[in-house]
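Colleague: I should be grateful for a close look at one part of this chain, the open sheet and the elements that pack on it. Please place that part in the context of the chain as a whole.

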Amino acid sequence: MPVKRWLEVSLPAPPDAQEELLARLIAEEFEGFQIEESCVVVYLPADDVSRLAVLRRLSPSLTARERGEEEWADAWMRYYKPTPIGSRLLIQPAWLPLENPENRAVYLNDPGMSFGTGLHASTRLCLEILESLEPKGWRVLDVGCGSGILGLCALLLGAESAVGVDIDAYAVRTALENALLNGMESKFTAYAEDFLTSGSVDGFDIIFSNIIADAIIPLVPIVAPAGSIWVASGIIEHRLDEVLSIAEAAGLNAPVIRIEDGWAAVLFSQ
């Protein structure tokens, strides 16, 4: 079977312009992108000429490179290294030998093309907040789950069950594969859905949404009545006050706010 070809499309964007670009990509229903230091990278099938034209309209100065899935895997293997998080977690690339002298809880990760490496500040902040809690026996929901890293790490730290939701079917497949890789398939469920139109937060102890401010704000009236702990991340720093104000108006408190590299994560509670 021939290797599927992809276009790796780089859209130049300094950090202070990335959230607006991400919001426009989401509005155009793009799935599967990652944030780099000075650009947003989008992946789409090499023969998808119409979607490439949409990207050119959004960013006329983009660059595109054709790549195969094997090349993608090789690229991750070159630069993705074991990453300690806080004092208890270790994000371990599945293809590398394990070295764990600090006896951390080890999460084996193979992010595929869903970009859930744990390296971006927004994901690290979520994981740091998670490990500061004691999620033993908790039921976890991750809205925008990507590779499943947040829900699966919650299970590592003692959560009872985790559900991941993402609009990207490829991300859901990767999350389920990572659950199997970590021996957590019996406790983890994931499905592809637009959560804003049909999702429910009932029955969860903690909810993650590591997305962007424009996707977090519509979640406020859905999450606020649930009484769950809510960790919202992917908020670019200059949008933080806006998110806090809307959440406060809905009756939520923000006892924990963490900021790194211009990105913010907030723990909301009643």
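Modeller: The chain exposes about 12200 Å², of which carbon and sulfur atoms supply 52%. The model is a predicted one. Of the 270 residues in the chain, 51% are buried. Its secondary structure amounts to 10 helices and 14 strands. When contacts between residues at least 6 apart in sequence are considered, 61% join residues at least 24 apart.

The sheet you ask about is open and has seven strands, in the order E10-E9-E8-E11-E12-E14-E13, with mixed pairing. Strand E10 (188-192) and strand E13 (253-260) each have a single partner strand, so each of these edge strands has one side without a neighbour in the sheet. From one strand to the next, the twist averages 15 degrees. In general, the strands of a sheet pair through backbone hydrogen bonds, in either a parallel or an antiparallel manner. Strand E8 (residues 139-143) and strand E11 (residues 206-210) are paired in the parallel sense, over three bridges. Val-140 has Ile-206 of E11 as its bridge partner.

Two helices that pack on this sheet deserve attention. Helix H5 (residues 149-156) touches E8, strand E9 (161-166), E10 and E11, and its direction makes about 165 degrees with that of E8. Helix H10 (residues 240-249) touches strand E12 (229-236), E13 and strand E14 (263-269), and its direction makes about 10 degrees with that of E14.

H5 is mostly covered, with seven of its eight residues buried. Those buried residues are Ile-149, Leu-150, Gly-151, Leu-152, Cys-153, Ala-154 and Leu-155. After H5 comes Gly-158, which has a positive phi, near 115 degrees.

The nonpolar interior connects several of these elements. As a general matter, nonpolar side chains in soluble globular proteins tend to be buried together. The largest nonpolar core holds 35 residues, and those touching the most other members are Ile-91, Leu-127, Cys-153, Phe-188, Ile-206, Phe-208 and Val-231. At least two residues of this core come from each of E6, H4, H5, helix H6 (169-181), E10, E11, E12 and E14. H5 supplies the largest share, six residues. Another core, of 25 residues, lies apart from it and includes Leu-141, Phe-195, Phe-204 and Ile-216. Thus two residues named earlier recur in the largest core: Cys-153, a buried residue of H5, and Ile-206, the bridge partner of Val-140.

Helix H4, another contributor to the largest core, is also mostly covered, with 10 of its 12 residues buried. The buried set in H4 includes Leu-125, Leu-127, Ile-129 and Leu-130, as well as Arg-124 and Glu-131. The 12 residues of H4 (residues 121-132) should span 16 Å at 1.5 Å a residue, and this agrees with the 17 Å between its end C-alpha atoms.

A last point concerns the loop between strand E6 (89-93) and strand E7 (105-109), where Asn-103 is found. Most residues other than glycine have a negative phi. Asn-103, however, has a positive phi, near 55 degrees. Its relative accessibility is 67%, and Asn-103 therefore counts as exposed.

Terms used: Residues numbered from 1 in each chain as written. Predicted model: local features only at pLDDT ≥ 70, side-chain atom pairs only at ≥ 80, totals over all residues. Heavy atoms only, no water. Helix = DSSP H or I, 4+ residues; strand = E, 2+ residues; numbered from the N terminus. Buried < 20%, exposed > 50% of the residue type's maximum accessible area, 1.4 Å probe, protein only. Contact = heavy atoms within 4.5 Å. Areas by Shrake-Rupley, 256 points an atom, 1.4 Å probe, with all protein chains shown as cover. Expected span 1.5 Å × (residues − 1). Pairing = 2+ DSSP bridges. Axes fitted to C-alpha atoms, helices over the stretch in contact; angles between N-to-C directions. Core = buried A, V, L, I, M, F, W, Y, C linked by side-chain atoms within 4.5 Å.
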